[in-house]
Amino acid sequence: MQKPNYIPLVLLGIVAILGVIPGFNSVPTQIVTEGINSGDTAWMLVATALVLLMTPGLAYFYGGMVNNKNVISTMLQSFVAMGVISILWVVVGFSLAFGSSIGGFIGNPMDHFMFKGVLDGKPWSLAASIPLVVFAFFQLKFAVITPALVTGSMAERINFRSYVLFMILFSLFVYAPLAHMTWHPDGILFKLGVLDFAGGTVVHMSAGWAALAGALYLKRRKSHLEASYFPPANIPFVLLGTGLLWFGWFGFNAGSAVAASPLAASAFATTNTAAAAAGLAWVLFDAAKGKKVSALGFCIGAVVGLVAITPAAGFVTIPNAIFIGTVGAMISNYVAHLRSKSTLDDTLDVFPCHGVGGMVGMVMTGIFASKGVNSAVVDEGLAFGQTTLFVNHMIALVGVSVFAFVLSYALLKVTDLILPLRVTEEDEKSGLDVSQHDEFLIEA
């Protein structure tokens, strides 16, 4: 048994009570139906469900790669994000990300506090054919998976309660501002002309830099210090997770067209093509170095391809996607190799895969974005002889990297002052499944 802690339950209770108090419980007066397209709405409901599926997929992907003493704890860190972030998003997260802009950095937290005006509000300006509530819940699924991605870098040594606190702080102070800056028409990155179709910057770069901060702050596992090798607990779990991620990513990228349109079809096609190219590139790059083709390698490569195409999915051609997937996988493979030779203990290579993959995708968008694919492109990429978009992407890449890393590191410090981030050496040795949750995968 651990020391009782009533604070989280009390906080949830307060939120629950707010949900039935007049003034906080926004009862619709008249739900907007004008301009709503049933086909677009149906597709976006499906896409929203597909994106949610990615988080259980990530749980299997990460859970299969850790050692068998930490499978349940690692998977739970993804699943609990579906609970915590879903409530946080309804209370204030959506408003911070998509409320009226405050200086181009953050949304007004009171605009949609407790989802005020969401069920009966006018559709989002850039998604005019679907109800606002569908757009809000589609965006929620992105907010859910982002902090879950971070967990892979701190796996096997992070205190569960501290992780939950960090996840909340990260979502409020890193994810929501980046979403606002990038996707809100009044956001500073949006106004700069930065193109991020489905979250290469907002999701993957932010998660990747937060993961690097986490790995540095929590320092090395005892097994890493001792150079002890523990094989992945369950590679079939990794294969299953990859399949779920690949499948769900069609909602992630094609859904970001926010309509059942030719643009959604184009993003669907580039997504699949980049994943296929990257999975092959990873194992072929390994083979060129004298390694055997591995299931783990193909899975990691495919996910890197999905990451790299994410910001570019609705802006580039299908043949471009082959190049983006191939280059993204080879660069991430090389960075992961360098990481393995260093003292950095990023447990599941989140920074090399998501951070670097997201940055590669951002650069590639600045090179290959085309008006022919998406009429919303104002300045075309470097490949078309224009430099404005590419330069703006390089400025944003540096700015987002500094913002995400520095703020994430500061939030880790704050979290550690409130609740110790690192488990004890004894708990780490016994495994987080038992020490944090009194559960285990296999009986000894």
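## Report on a predicted helical chain

With 444 residues, the protein chain would be expected, as a compact globule, to have a radius of gyration near 22 Å, and its value of 21 Å agrees with that; this radius is taken over C-alpha atoms, and the globule rule is 2.2 Å times the number of residues to the power 0.38. The structure is a predicted model, in which local features need pLDDT of at least 70 and side-chain atom pairs count only at pLDDT 80 or more, while totals for chains, interfaces and linings use all residues. Residues are numbered from 1 along each chain as its sequence is written, and side-chain values use heavy atoms, with hydrogens and water left out.

### The whole chain

Along its principal axes, the C-alpha trace of the protein chain spans about 60 × 55 × 35 Å. The secondary structure comes to 16 helices and 2 strands, where helices (H or I, at least four residues) and strands (E, at least two) are DSSP runs numbered from the N terminus. The UniProt record, an unreviewed entry, places the feature "domain: Ammonium transporter AmtB-like" at residues 42-440; such positions are given in the numbering used here, feature names are shortened, and annotations may be inferred rather than shown by experiment. Over residues 42-440 the chain is 68% helix and 1% strand, and the C-alpha atoms at the two ends are 40 Å apart.

Buried residues make up 55% of the 444 residues, with buried meaning under 20% relative accessible area, exposed over 50%, and partly exposed in between (1.4 Å probe, protein chains only). Among contacts (heavy atoms within 4.5 Å) between residues at least 6 apart in sequence, 77% join residues at least 24 apart.

### Two residues with positive phi

Most residues other than glycine have a negative phi. Lysine 219, although not a glycine, has a positive phi of about 65 degrees, and this lysine is placed in the loop between α7 (200-218) and α8 (222-225). Aspartate 438, which is not a glycine either, has a positive phi of about 55 degrees and sits in the segment after α16 (432-437). Lysine 219 is exposed, and aspartate 438 is exposed as well.

### Three buried residues

Histidine 180 is placed in helix α5 (residues 160-183) and counts as buried. Leaving out residues up to four places away in sequence, histidine 180 touches a list of residues that includes Leu96, Phe98, Ser100, Phe105 and Gly187. Histidine 180 and alanine 383 are 203 residues apart in sequence, and their C-alpha atoms are 28 Å apart in space.

Alanine 47 lies in helix α2 (residues 38-63) and also counts as buried, while serine 256 is buried in the loop between α9 (235-254) and α10 (262-288). With residues up to four places away in sequence not counted, alanine 47 touches Phe138, Gly251 and Gly255. Serine 256, leaving aside its neighbours within four places in sequence, is in contact with Phe138, Phe142, Phe197, Ala198 and Gly251. Phe138 and Gly251 therefore appear among the contacts of alanine 47 and of serine 256.

The relative accessible areas of these residues are set out below.

| Residue | Relative accessible area |
|---|---|
| Lysine 219 | 55% |
| Aspartate 438 | 66% |
| Serine 256 | 16% |
| Histidine 180 | 0% |
| Alanine 47 | 0% |
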